[in-house]
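This report walks through a few local features of one protein structure. The structure comes first, and the text then takes up a lysine and two groups of strands.

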Amino acid sequence: MLSPHMLPAWKALLAHHEEVAPLHLRDLFAGDPDRFDRFSVCLDDFLLDFSKNRITEQTFRLLMELARDAGVKGWRDRMLAGEPINNTEDRAVLHIALRRPADQPLELAGQDIMPAVEAVRRQIADFSRRLRGGDWRGFTGQPIQDVVNIGIGGSDLGPKMVCEALKPYQSPDLRSHFVSNVDGAHLADTLAGLDPARCLFIIASKTFTTQETMANAASARVWLVDRLGDAAAVSRHFVAVSTNQAAVRDFGIDPANMFAFWDWVGGRYSLWSAIGLPIALAVGAERFFELLDGAHRMDEHFRTAPMEKNMPVILALLGIWYRNFFGACSHAVLPYDQHLCHLPSYLQQCDMESNGKSVNRAGEPLKTASGPVLWGEAGTNGQHAFYQLIHQGSELVPADFIAAAEPPLETGDPLLARHHPILLSNFFAQAEALMRGKTEEEARRELEDHGLDEEKIDQLAPHKVFAGNRPSNAILFRHLDPRTLGMLIALYEHKIFVQGAIWGVNSFDQWGVELGKQLAKAILPELAESGAVTGHDSSTNGLINHYKDLRSTES
């Protein structure tokens with residue numbers, strides 16, 4: 001297949017980059033008072049400002065030509081139509097169906113899948129209302145107080161991120177917990193202090209065989225049965241999100257309390273499915289459906305908006321501009337909202353597991369760099385941690401700043417209203433500082449104003465200079481409510497898809513996670529065997545044998 005670097009627009013962008021690279025954003029803004037209007041897009045009250053990027057109108061035009069040359073529209077339409085674009089697993093990619101209105105049919109292999117999707121939605125809504133209303137009770141007749149989701153990867157990161165993001169909408173009578181790490185400390189620390197008679201466990205595993213999840217599930221089952229004294233309690237304290245009914249039944253869970261999803265739902269795109277059950281329990285089914293509605297709103301924008309006004313397309317192309325033409329190896333996501341503290345880690349999986357590939361869809365080595373390292377932290381914490389590198393380091397780190405204009409509607413806490421202007425002043429200032437920088441002349445003048453002598457100024461001035469010209473996007477909306485959060489997540493999903501389409505990779509498989517799992521299965525029994533291990537490389541042999549020595553010394 002044709003490598004993107006062979007496309008006419010890619011070649012034109014390479015030549016154009018030499019013209020644009022020396023330009024400074026400060027000068028671009030000074031020369032164009034309408035730059036913000038030209039390089040920003042609104043969808044309802046959801047604003048994307050991409051004017052602080054190292055682009056001109058010609059850059060923007062060439063990037064759009066790249067999207068056309070790479071066939072982005074065609075790939076989008078194939079995904080939305082349910083074609084098996086996940087070619088290595090021969091699967092459709094239809095997480096968009098999970099947030100689609102039930103009265104809009106969507107056929108897969110000649111069958112409308114929306115009735116099945118709607119049936120699971122109704123099951124989620126019914127269970128949520130019963131549990132939140134107190135009708136679903138534990139084995140001893142007590143109402144549920146704590147919901148513990150046991151999953152890993154997409155079965156953990158998405159629901160955990162959303163539950164934290166929508167914390168102001170949660171009921172104080174129902175607490176959410178998430179266990180993912182097979183390190184026993186994660187489960188033990190979570191269960192410490194919980195009342196087993198008032199706990200509900202959600203076991204989230206499509207196959208019901210995921211090693212980490214099932215190890216944690218088995219230990220949680222032992223914990224519950226030991227304390228309640230009867231294995232029959234399992235059916236009142238465990239439900240499953242899975243497709244393996246036999247394994248679910250063998251565990252002791254009533255199959256009526258199994259919530260299904262489908263192989264066309266990738267793990268990192270699954271929070272919209274029954275994997276989102278902990279979200280519906282935390283904030284209520286109606287709020288969960290508002291989340292789906294927001295994602296569908298962005299789906300429709302992605303499907304219908306011209307590419308020049310299409311938010312996911314714009315973000316994707318800007319990311320490629322920096323990754324492939326400026327050599328930026330990483331991208332920062334900086335939400336100025338404490339409730340979005342898990343968004344960077346969620347997007348790490350969504351982006352890096354999707355586009356962290358070195359071969360194209362045909363299995364040929366890529367001729368271009370693909371997905372960047374994605375990282376970040378909630379503002380303003382990051383300002384006192386890693387912003388130094390973004391401002392004055394030798395690496396170019398494009399960044400996305402995200403904020404809500406107002407605190408959540410559902411909280412009446414005046415503390416939030418007092419703090420919010422401080423938070424937003426930093427949100428606006430950091431992006432401006434990255435763009436403008438500080439010249440040596442400005443630095444010297446500032447030091448002079450502080451009364452320093454010439455020698456001290458000469459010494460300090462180089463340390464006070466900020467090069468600026470550091471690109472960023474700003475995403476600003478009114479409130480972080482369920483609908484807006486749905487739009488935000490779907491925006492990034494589609495951005496990642498567009499980048500994968502241009503790079504020519506399959507964004508929906510993740511074979512890179514398999515090898516470590518296979519080797520771990522081989523090593524696990526070796527840890528219990530007596531004698532030295534010799535079947536690996538010298539380092540792995542040495543580590544395992546040293547581990548055994550340490551364990552034997554301890555015993």
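Where does Lys 52 lie? In this predicted model, Lys 52 is in the loop between β2 (46-49) and α4 (57-69). Is Lys 52 buried or exposed? Lys 52 counts as buried because its relative accessibility is 17%, and the cut-off for buried is under 20%. Apart from neighbours within four places in sequence, the contacts of Lys 52 include Leu 25 and Phe 29, as well as Ala 431, Glu 432, Met 435, Arg 470, Pro 471 and Ser 472.

Strand β2, at one end of that loop, pairs with β1 (residues 40-43) in the antiparallel sense over four bridges. Within this pairing, Cys 42 stands opposite Leu 47 of β2. Two residues separate the strands of the hairpin, where Asp 44 has a positive phi near 60 degrees.

Another part of the model is an open sheet of five strands, ordered β6-β5-β7-β8-β9 and paired in parallel. The edges are formed by β6 (175-179) and β9 (258-259); each has a single partner strand, so one side of each has no neighbour in the sheet. At the β9 edge, β8 (residues 238-241) and β9 pair over two bridges, and Val 241 has Phe 259 in β9 as its bridge partner.

Two helices that meet these strands are listed here.

| Helix | Strands met | Angle |
|---|---|---|
| α8 (residues 184-191) | touches β5 (146-150), β6 and β7 (199-204) | about 165 degrees with β6 |
| α9 (residues 211-228) | lies across β5, β6, β7 and β8 | about 160 degrees to β7 |

Methods:
Residues are numbered from 1 along each chain as its sequence is written. This is a predicted model: local features need pLDDT of at least 70, side-chain atom pairs count only at pLDDT 80 or more; totals for chains, interfaces and linings use all residues. Side-chain values use heavy atoms; hydrogens and water are left out. Buried means under 20% relative accessible area, exposed over 50%, partly exposed in between (1.4 Å probe, protein chains only). Contact means heavy atoms within 4.5 Å. Two strands pair if DSSP finds at least two bridges between them. Axes are lines fitted to C-alpha atoms, for helices over the stretch in contact, and angles run from 0 to 180 degrees between N-to-C directions.
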